[in-house]
Amino acid sequence: MASHMLKDAALFLPEIALTVTILAAIVADLIFRRVRAVVPGIVLAGLIATGFLVLGQQGSSVAIFSSMIAVDAFAVYFKLVILLAAVVVVVFSFGSAELQTGGRKLGEYYALLAAAVLGMMLMAGANNLLMMYLALELSSISSYLLSGYTREAADSSEASLKYVIYGALSSGLMLYGISILYGLTGSLDLATINHIVPVVISAGGPPLYGLLIAGILTLAGFGYKISAVPFHFWAPDVYEGAPITITAFLAVASKAGGFAMLIRFLKVTFFDATGVMAAAGTWEAVRGLRWVDLVAILSVLSMTVGNLTAIWQNNLKRLLAYSSIAHAGYMLMGVAVLNDEGIAAVMLYFVIYLFMNLGAFYAVMLIADKTGSEDIDDYKGLGSRAPFLAVALAIFLISLSGLPPTAGFIGKLYLFAALINKGWIWLAIVGALNSVIALYYYVRVIRNMFLRTDEQQSAPLSLSGMQMTMVLALLVPTLLFGLYFGPLVQLAQASVRIFGAP
Amino acid sequence: MTAESLAFFFLAAFAVSTAILMVLQRNPVMSAICMIGTFFSLAGLYLLLHAQLLAVLQVVIYTGAIMVLVLFVIMLLNLGDEARLRERYDLAMGVGTVLAAGFVVELFFILFYSGDPALRASMDPRAAALGTVEGMGGALFGRFVLPFEMTSVLLLVAVVGAVVLAKRKG
Amino acid sequence: MEIFGIGILSWVTFLPVLGMVIVLALPKERRDVIRWTSLAVAAVQVVLAVVLFLRFDRSFAGINTEAGMQFLEKGRWIDVSGVALVGRLHIEYLLGIDGISMVMVLLTALISFIAVISSWTIDKSVKGYFALLLLLDTGMMGVFVALDFFLFYVFWELMLLPMYFLIGVWGGPRREYAAIKFFLYTLLGSVLMLLAMIALYFSVSVYLDPAGGMHALSEAAAGIRTGWEKVHTFNMLAMMDPANYEAGSLLAGINTSWRYLAYIALFIGFAIKVPIFPFHTWLPDAHVEAPTPISVILAGVLLKMGTYGMLRISFPMFPDAMRHYAWELALLGVISMVYGALVAMAQTDFKKLIAYSSVSHMGIVVLGMSSMNTLGLTGAVFQMFNHGVITAMLFLVVGVIYDRAHTRGLNEFGGLMNQMPRYAGAMTVAFFAALGLPGLSGFISEMFSLFGAFQTFPILTAIGAVTIVLTAGYMLWVLQRVFLGALPDKWKGLTDMNGRETFMLAVLGAVVLFCGIYPAPILNLMTSSLNHLAAILAQVPSATLLSGM
């Protein structure tokens, strides 16, 4: 038993390294109170080291610790996305004026950030309902604290409180769903549940409804994490109230964890093990359950509500919050397809989304740091005041709206391709129309930056070399992957294998 | 009706009614005391499930430690009666009530009728032995070692968070 | 044909991007350097287009065969070996031209060149303006030379953003509204096109040999050779071969409702660009607000991309659906013709009038295309070219008067004939060409279109022919209002055209005159291609064609 665990622990090294990082950050914060760079440095080094350890896991496909956590290509991919986002956010945070002016020590901030990352990484690998719940809670609790970290303002407290209450409600619902699922199947292990689900379904009647309700309740937890409509109400307030670094982190990494967990849950638990596989990569959901329709409805709601609401937003953070709700909707389209092609499309989208969304948030953060405003009216004339930044932000927004030759287009293309290939034409049309709506509000920002001028403010905004590099580091992939996306596609397609599923 | 099911229904009714009372009470101290009642009946339910350790832990930790802490805080802060938050009954509330009621009915329907023998047979046979100290320990440090360890990280984060929140007041 | 190891089509397409990079690298105070750089780039592009024109082999048909395409450039762009279901992803960098594209390449190069000259008066952020103009140029040229649908789409969308800024930043008072309207309309069309493109992608398969060569599915009947791999493709030419459609795929077969749906999706995408009634409402706004050079490009080239898209993509890929909806297409063309002319007649804003006349003239193109015979198609493509040149003249003419008088109200002018004789001459040529005076280019293409269409849809064409009278009416009325009558006192100080303006109008006027007297060089370019296209359209059996209407 002990040797078995040691062997498992070897595959758990990235998470262990990250835990050590958290502890080191907390201790270092106590010792080096004066030196600002120590804790971020430790966390950054820890994240990068973890990243390398994750890279070392490529090719393995096992479940460790009594099948609690799967270490497979799929998990590795999402862990890398999460870590990359976290590294970027740590760098953002170090340069953020907003965080410095809070007058608070930032040691715990970085430690909590690392803890949130740990939670999300566990989400990416969790192969057991209990583990899923724990991972969700770990990342959520860290996120609650981070989102209310700096500001003492009333609206920020309100946002934080809203986050906690919605989080508690959603995780409560999810826990309830898990308990019903456990009651019906006698197991928390996804693969085991998969064996028993057909029995439950063939029993028909109330157990079947029980399964359905359990699934819906569990989806509430996932929906909350990926901020899909109708579980999204917390997102705009939290995104607006939280420090912008955390907003960016929540919009990308947290969503990645949520999606990884959702996909694994749907795929491993509900694929039809008895069905005849038409070809590798296609799989059928167990008959009798219309999960797919449920996800499709969530997707349509998220896209449409997110986009239509975003049109009316004047605060950039809020606008991006609604846009990220809409993006959750786009990605759910890929999940609804329920085959490897759709999942690969979602995974591809995530990497692209990482660059363009973090880029947009970073540009908004830099502008807010310099002008002190996130209001769309204060973006007037930025095209001439800060040409580089304005052009960069414009490109990020255009990429978010999915126009070529940016990477966002490739992401959308893959999602639509997966849909059309499976015959989901109506959903593809809804998604396509939504991207037209989305363009309208992204262009509002661009319009204010370039087409309008602000008479009062005309002083140029300057960027430091570091900030410029950071913007470029996010901008180059956003453009490059729009023109040359082969390797990215290859990576996503190769990482689609999930342990315990066909 | 066996003595066991009699005990179950008694405890269950007690748990639910004290829980409702806890929410309805205006006085925080009374609420806390009602909550203790719920915890006790839950402990009783655990006993019925042969989960002796869990029952004891329930009493020791929740009823003993946590509730004392809660009461202590309430008295320390000298909280008065809770002010009414909302008197209005608007449409959303009405719809919400109907939906919630429907959901409860649905759940009852399912839970009462899902006694399929095939499903019972699929239950983990180890479940029955889980309630003992030995079974619990074995599970925690065997199968569930990872969740157990991760819970400790979760608690660590909670502690750090508590410190962060406490510091902001100062 | 290659220059420095890079194909001439790549040069002609990406030269403006090169120019853009240079412009961006220049300091923004060096306005004249920026202008001359852009002009040089546009001039070289014209030279390259002329080289293409001279080297172009008139006997090649093109349309749906790789062998029929000229100056072919082929390269691997994206190649991802397949994993399981997802299959191998193979996107080619495929450029090539046939008779239809050759004409458009000439037009694009010419109009871009004129637009750069016309942009000399732009004073606001010169650097940004020319950078965007050059980027737009690449997008336009790319659309006309791309033979891979994916590449085509990228170029198609590439134009949107520069156009948005060019109208939005340098436009008139309601520029924001016009710019976003243009943007959203076109995007709405192009997302539908995107969905149709994806559907085509999954319906079409070809065999790929290890060297990267493509082989039609039918070739495999002779035996699949080693190393051949079946892949989906965005290659337009492969999409035109019915044998490449996999049985059971979405768009397989003929006259299926999925094919109709895909055709309509493509049609809406292209029709918005043309614009065909009822998708035209963005056009007057965009034209009125856009600065003169951008109006010139918009009317001269951008509108042609819609009809070009139909000829290049919709017709050869969906000949069955095309025939099925030919009558409806002709009807929309006729409505656009008559409606555009009637609305133009009611305008008092000079620019709006020209904008609506564009709707009317593009209606002729659509009617000509719907005829499905060589005559009508030739008329349509030639009309695309002529309309590009003539409308460019018209907008320049408007620009000249607007620069001086700062108003476009037709009723405010009068008696300018003696005040601005050179201007009067240029404008008269442009207007006579637009109304189809024999001896000028517009006449030939309009007649071809109408004659061709008459063979297929006599009644509709007869109704549409009324437009010619209407056009003559409003065009002459404009001339009368501007040049005849008494000269208002406030216009006594107007100066005649300067050398730059005269040069632009003279160049375009010469083209109009030349094509009107001796159209053969242009017509020769496209004859074999259009014969071939008409043959493709004729091959499809159709029970639903409403002949005799």
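Me: What makes both faces of β5(C) count as covered?
Reply: This is a predicted model. On one side of β5(C) stand Ser205(C) and Tyr207(C), on the other Val206(C) and Leu208(C), and all are buried. Buried means that 20 or more other C-beta atoms lie within 10 Å of a residue's own. Both faces meet that mark, so both are covered.

Me: How do you know that β5(C) pairs with β7(C)?
Reply: Four bridges join β5(C), residues 205–208, to β7(C). A pair needs at least two bridges, so these strands pair. They run antiparallel. Leu208(C) stands opposite Glu229(C), and Ser205(C) stands opposite His232(C).

Me: How do you know that β5(C) and β6(C) pair?
Reply: They share two bridges, in the antiparallel sense. At least two are needed, so they pair. Tyr207(C) has His215(C) in β6(C) as its bridge partner. The two strands form a hairpin with five residues between them. In the turn, Gly212(C) has a positive phi of about 100°.

Me: Why are β6(C) and β7(C) called edge strands?
Reply: The open sheet has the order β6-β5-β7 in chain C. β6 (214–215) and β7 (229–232) each pair on one side only, so they are its edges.

Me: What makes up the side of chain C that touches chain A?
Reply: 30 residues of chain C are in contact with 33 residues of chain A. The elements giving two or more residues are β3, α5, α6 and α7 of chain C. α7(C) gives the most, with 13 residues. This side divides into 26 nonpolar, one polar and three charged residues.

Terms used:
Residues numbered from 1 in each chain as written. Chains lettered and ligands numbered in written order. Predicted model: local features only at pLDDT ≥ 70, side-chain atom pairs only at ≥ 80, totals over all residues. Contact = placed C-beta atoms within 7 Å. Nonpolar A, V, L, I, M, F, W, Y, C, P; charged D, E, K, R; others polar. Buried ≥ 20, exposed ≤ 12 C-beta atoms within 10 Å, placed from the backbone.
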